[in-house]
Amino acid sequence: MSGTALILAGHGSHVSANTAGVIWRYVDQLRKWGVADEIAACFWKEAPAISQALDTVEADDVIIVPVFTARGYFTSEVIPTELGISEGKTFCQGRQIHLTPPVGEHPLLQSIVERKLREAVERYDLAPDRTAAAIIGHGTRRNRQSRDTARHQARQIRDLNWLSEAVDVYLDDEPNIPSVYQSTSAENIIALPYFLADGSHVRLDVPRALGIADLDGVNHVQGRSVYYCEPVGSDGSICQAILELARETGRPFAVRNDAGKWSGFPSAGRRALLHGLESGTILQIGQVRANRKRIWHCDSRGDSEAIDSPGALRAYMREEPFRPLATSADLPTGWRVELAEPQDAHAVIETVYPGLVADWAAKTRGKLVTETLKDIGMRQSGMFKDIHRLPPNVIKTALETICGNCVRQPTWWRGVARAGRQLPCRSACNLWLSTARQLGDAG
């Protein structure tokens, strides 16, 4: 297949739907604009995994945009390692792969920061000469570059010379967040999270470090008035920054605004799925049943809610309550999707089970390549390095805990067979790896 694919690479979370949720909203918008033949997402902690992202698309030209606020450990080490590529242009298995700089480095972020600060000044009727800005980044001691973008944003605000002070502080680095009360003297502080997702860091960790409880009003801490902003990623122009980074590779990524709501999905496995539906029989994948006219939960009884968009379907599946493992055997019931066209079935199942159809189709062709724990442990440099050396009892417990509640067959682990499960899992997911590591550390 020729064509162009655009993949957004993010972090994801085991505790918050919003961390990956913001990236899925970007994906939905880019698909609506019709900017590429295939538009997908991949994550470190959720599905589809970064390591499997290239197998979900069929385009010959693939552009990967890291949806991170800074160049750091994940953008410089994790993403390239998981994909088996380097930053810039790489040729891999006959395809041209481009890995762009992270979104947080795009100049448009500067205007977003300034706009959010000015909106806070206006909303709370603050005197600029008695107000300081705190640009709050994540940071990491594993990569000193992670502070560069937040530091740059604070410097740009200082250069504008309209607030009394502007400093950069970090959740996981120095200067830390509480130091803002010593490094500034203004009576008012606007705290702006330089994060993309409105996840647990923004909602819990940063406010806790600031010592504030009210995220929508005034807080009084150490004799100061503190006002909290939404993260920069909530701004609607982030998709424009993503597009401009993608266009720097030389591809046009023209906005058409004429795409159907179920178009622009990654296409690996689509033909096999549609072939399975041709006979008019009901096809079951995991807890989902499909025919050429409708898709529904296999246990649905009586009336069900009709869902007609990817965003609404995704929210139904993963947000209330949050399901960090898309293939866990607790898929919500009581829904259906009526298909305008049979080919939309692939996009619907891809929304419910991101990345699964590609592996399912590869297995039906006898082309599925599994990745052993040793493969993972040997390529990792972080917490999962040598994960394959965990004691057998720890691995067994993790298999029972995570794989025991999954619709996939853990084909990556020898000797494990679960009756009735035909869907393959070719590599241990991040939730399994994290659980196994925690069990190993506890033991």
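# Pockets, cavities and buried elements in a predicted model

The largest pocket has a volume of about 1,000 Å³, and the elements that give two or more residues to its lining are helix H1 (17-33), helix H2 (73-83), helix H6 (200-210) and helix H14 (430-442). The structure is a predicted model, and the values below are computed from it. Besides the open pockets, a search of the whole structure finds five cavities of 30 Å³ or more. The points that follow take up the pockets, then the cavities, and then three elements with buried residues: helix H14, helix H11 and strand S6.

**The two largest pockets**

- The lining of the largest pocket consists of 41 residues, and those that lie nearest its centre are His11, Phe68, Phe74, His138 and His201.
- H2 gives the most to the lining of the largest pocket, contributing four residues, and by class this lining has 16 nonpolar, 21 polar and four charged residues.
- The second largest pocket has a volume of about 780 Å³ and is lined by 28 residues, of which Gln52, Leu54, Asp55, Gln93 and Arg426 lie nearest its centre.
- H2 and H11 each supply at least two residues of the lining of the second largest pocket, and the largest share, three residues, comes from H11.
- The lining of the second largest pocket divides by class into ten nonpolar, six polar and twelve charged residues.

**The two largest cavities**

- Rolling a probe the size of a water molecule over the atoms shows where empty space is left.
- The largest cavity holds about 500 Å³ of space, and its lining is made up of 37 residues, with Ala49, Ser427, Ala428, Cys429 and Asn430 lying nearest the centre.
- Helix H12 (373-379), strand S16 and H14 each supply at least two residues of the lining of the largest cavity, and H14 provides the largest share, with four residues.
- The lining of the largest cavity comprises 23 nonpolar, eight polar and six charged residues.
- The second largest cavity contains about 130 Å³ of space, and among the residues that line it are Trp24, Glu46, Arg314, Arg318, Arg323, Thr351 and Pro354.
- Helix H9 (310-318) and helix H10 each supply at least two residues of the lining of the second largest cavity, the largest share being the three residues that come from H9.
- Seven nonpolar residues, one polar residue and four charged residues make up the lining of the second largest cavity.

**Helix H14**

- The 13 residues of H14 should span 18 Å at 1.5 Å a residue, and the end C-alpha atoms of the helix are 18 Å apart, which agrees with that expectation.
- The buried residues in H14 are Asn430, Leu431, Trp432, Leu433, Ser434, Thr435, Ala436 and Arg437, and what covers them includes H12 and helix H13 (392-401).
- H14 gives two or more residues to the lining of the largest pocket and also supplies four residues to the lining of the largest cavity.

**Helix H11**

- Helix H11 (residues 356-364) is mostly covered, with seven of its nine residues buried, namely Leu356, Val357, Ala358, Asp359, Trp360, Ala361 and Ala362.
- Among the elements that cover the buried residues of H11 are helix H8 (270-277), strand S11 (283-285), helix H10 (344-352), strand S16 (408-409) and strand S17 (423-424).
- Glycine 366 follows H11 and has a positive phi, near 70°.

**Strand S6 and its partners**

- Strand S6 (residues 131-137) is mostly covered, and seven of its seven residues are buried.
- In a regular strand the side chains alternate between the two faces of the sheet.
- Both faces of S6 are covered, since the buried residues include Thr131, Ala133, Ile135 and Gly137 on one side and Ala132, Ala134 and Ile136 on the other.
- S6 pairs with strand S8 (residues 188-193) in the parallel sense over six bridges, and the bridge partner of isoleucine 135 in S8 is leucine 192.
- S6 and strand S7 (residues 165-170) also run parallel and are joined by six bridges, with alanine 133 standing opposite alanine 166 in S7.

Note on methods: Residues numbered from 1 in each chain as written. Predicted model: local features only at pLDDT ≥ 70, side-chain atom pairs only at ≥ 80, totals over all residues. Heavy atoms only, no water. Buried < 20%, exposed > 50% of the residue type's maximum accessible area, 1.4 Å probe, protein only. Contact = heavy atoms within 4.5 Å. 1 Å grid on protein atoms, 1.4 Å probe; cavity = no way out; pocket = protein on both sides within 12 Å on 5 of 7 lines; lining within 4 Å. Points joined across faces, edges and corners; volume = space filled by probe spheres on them. Nonpolar A, V, L, I, M, F, W, Y, C, P; charged D, E, K, R; others polar. Expected span 1.5 Å × (residues − 1). Pairing = 2+ DSSP bridges.
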